[in-house]
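Thank you all for coming. I would like to take a few minutes to go through one model with you, and I will begin by putting it on the screen.

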Protein chains: 2
Amino acid sequence: MIQNLSEHQREDLLEALAQGGQKVTPQREVVYAVLLAKRDHPTVDEVFQRARESMPGLSLATVYNCLETFVGCGLVRQVNHERESTRYCPNLAPHAHFRDESTGRVHDIELPAHVLSTLRSILPNGFETDSIEISFHGHTKNSRTHTSN
Amino acid sequence: MIQNLSEHQREDLLEALAQGGQKVTPQREVVYAVLLAKRDHPTVDEVFQRARESMPGLSLATVYNCLETFVGCGLVRQVNHERESTRYCPNLAPHAHFRDESTGRVHDIELPAHVLSTLRSILPNGFETDSIEISFHGHTKNSRTHTSN
DNA sequence: CTGAGGTTTTGAATCATTCTAAACACCCAC
DNA sequence: GTGGGTGTTTAGAATGATTCAAAACCTCAG
């Protein structure tokens, strides 16, 4: 079962939504709480399943709506991998994604500023970037398990 | 109308397919020729349309099959962008993609070796990469138009 | 209380992609 | 050349994620 949002988290949510002239609703709180509870890059459907545990009447379309809204106000980031269902993670520092082919799990990889600027430097003149996405594919050797966000 | 493959190109095709124990077929030739003719990262459907001009009976499923085969033998690369249709480009040097949000066009960005190694260096221990995908989103200032491959 | 506007719900619709089964085509052994 | 066997192509149905449409809901301003 999903915890409620902390004061602080509800603040973030409210503030972010307010910027786009949108409100906090019970559904949005639940969906946001689900994302914060387990940062394992869930698909829409996974979010839906988890959110339903605390709010049984919730509909799938609403989950799509909420997530889209969150993405719109920069609260959450979309992760697309090949042709699979879109996954979501609560936004934090800039990071790349590592997709483990064997487990299907997605790990976040911290992205130091110098790497970002190196990347930007390879763009020819006239190319203006809004965002850069980097994803690694491979597999993890079980050295230590790595936190997935 | 699509040109036939050059000697050299047919060679490449034959060799690549042979490795997977697969044959050159008229359909595969046409699809491959389409990819080489205009390196603008066409979708399956675009490939289908173009290929049909030289081979009217060609079916969409076959285009899917051919492209999948090519990807399987490393002749061609898939480019996924957000949730849009998959696009294809004939494989060459390692490169990143730049997606112009205003035109929807995809440009290839050359990827120097040092950038690749910088990227690999940010992976924690135990992460083994097979491939890295980098995509920029943004827009292009019309300095000079840039070739799209 | 009344209405306007954004939100949620349900179910239908869309779109890319995959699957299935039947028809083909080619090659090898006889 | 004839009959299989194997891999390929075809057409159309099926799937799955996502989006759309319309009705029901809520909430807040007047």
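Which element gives the largest share of the surface near DNA strand C? Before I answer, please keep in mind that what you see is a predicted model. The answer is α4(A), which contributes 3 residues to that surface.

Let me stay with DNA strand C for a moment. There are 16 residues around this strand, and those that come nearest are A:Thr25, A:Arg28, A:Thr62, B:Tyr64 and B:Thr86. If we ask which parts of the strand the protein approaches, 80% of the strand C atoms within 4 Å of the protein belong to sugar or phosphate, and the rest belong to bases. In terms of residue class, the surface near DNA strand C is made up of 9 polar, 4 nonpolar and 3 charged residues.

Some individual contacts are worth pointing out. The side chain of A:Thr62 places an N or O atom 2.4 Å from a phosphate oxygen of DNA strand C, and the side chain of A:Thr25 has an N or O atom 2.6 Å from a phosphate oxygen of that strand. With A:Gly57 the backbone is involved, and here an N or O atom lies 3.4 Å from a phosphate oxygen of DNA strand C. The elements that give two or more residues to the surface near this strand are α2 (26-37) and α4 (60-72) of chain A.

Now to the other strand. Around DNA strand D there are 15 residues, of which A:Tyr64, A:Thr86, B:Thr25, B:Arg28 and B:Thr62 come nearest. Of the strand D atoms that come within 4 Å of the protein, sugar and phosphate account for 83%. On this strand a phosphate oxygen lies 2.4 Å from a side-chain N or O atom of B:Thr62, while a polar side-chain atom of B:Thr25 is 2.6 Å from a phosphate oxygen. B:Ser59 takes part through its backbone, with a polar atom 3.2 Å from a phosphate oxygen of DNA strand D.

As for the elements, α2 (26-37) and α4 (60-72) of chain B each supply at least two residues of the surface near DNA strand D, and α4(B) gives the most, with 3 residues. That surface divides into 9 polar, 4 nonpolar and 2 charged residues.

Let me turn, finally, to the inside of chain A, which is divided into domain 1 (7-89) and domain 2 (93-138). The C-alpha centres of these two domains of chain A lie 23 Å apart, and 8 residues of domain 1 are in contact with 9 residues of domain 2. Between them the two domains of chain A bury about 870 Å², with 49% of that area on carbon and sulfur atoms. Of the area that domain 1 buries against domain 2, 59% is supplied by A:His41, A:Arg77 and A:His81, which is more than any other three residues supply.

How many salt bridges does the rule find across the interface of domain 1 and domain 2 of chain A? It finds 1. The side chains of A:Arg99 and A:Glu84 meet in a salt bridge, at 3.1 Å from N to O. There are also 4 residue pairs in polar contact counted between the two domains of chain A. On the side of domain 1 that touches domain 2, the elements giving two or more residues are β1 (76-79) and β2 (87-90) of chain A, and by class that side has 4 charged, 2 polar and 2 nonpolar residues.

Note on methods: Residues numbered from 1 in each chain as written. Chains lettered and ligands numbered in written order. Predicted model: local features only at pLDDT ≥ 70, side-chain atom pairs only at ≥ 80, totals over all residues. Heavy atoms only, no water. Near = heavy atom within 4 Å. Polar contact = N/O pair within 3.5 Å; in protein donor to acceptor, adjacent residues only side chain to side chain. Helix = DSSP H or I, 4+ residues; strand = E, 2+ residues; numbered from the N terminus. Nonpolar A, V, L, I, M, F, W, Y, C, P; charged D, E, K, R; others polar. Domains from an automatic or database assignment. Contact = heavy atoms within 4.5 Å. Buried area = accessible area lost by both parts, 1.4 Å probe. Salt bridge = Lys/Arg side-chain N within 4 Å of Asp/Glu carboxyl O.
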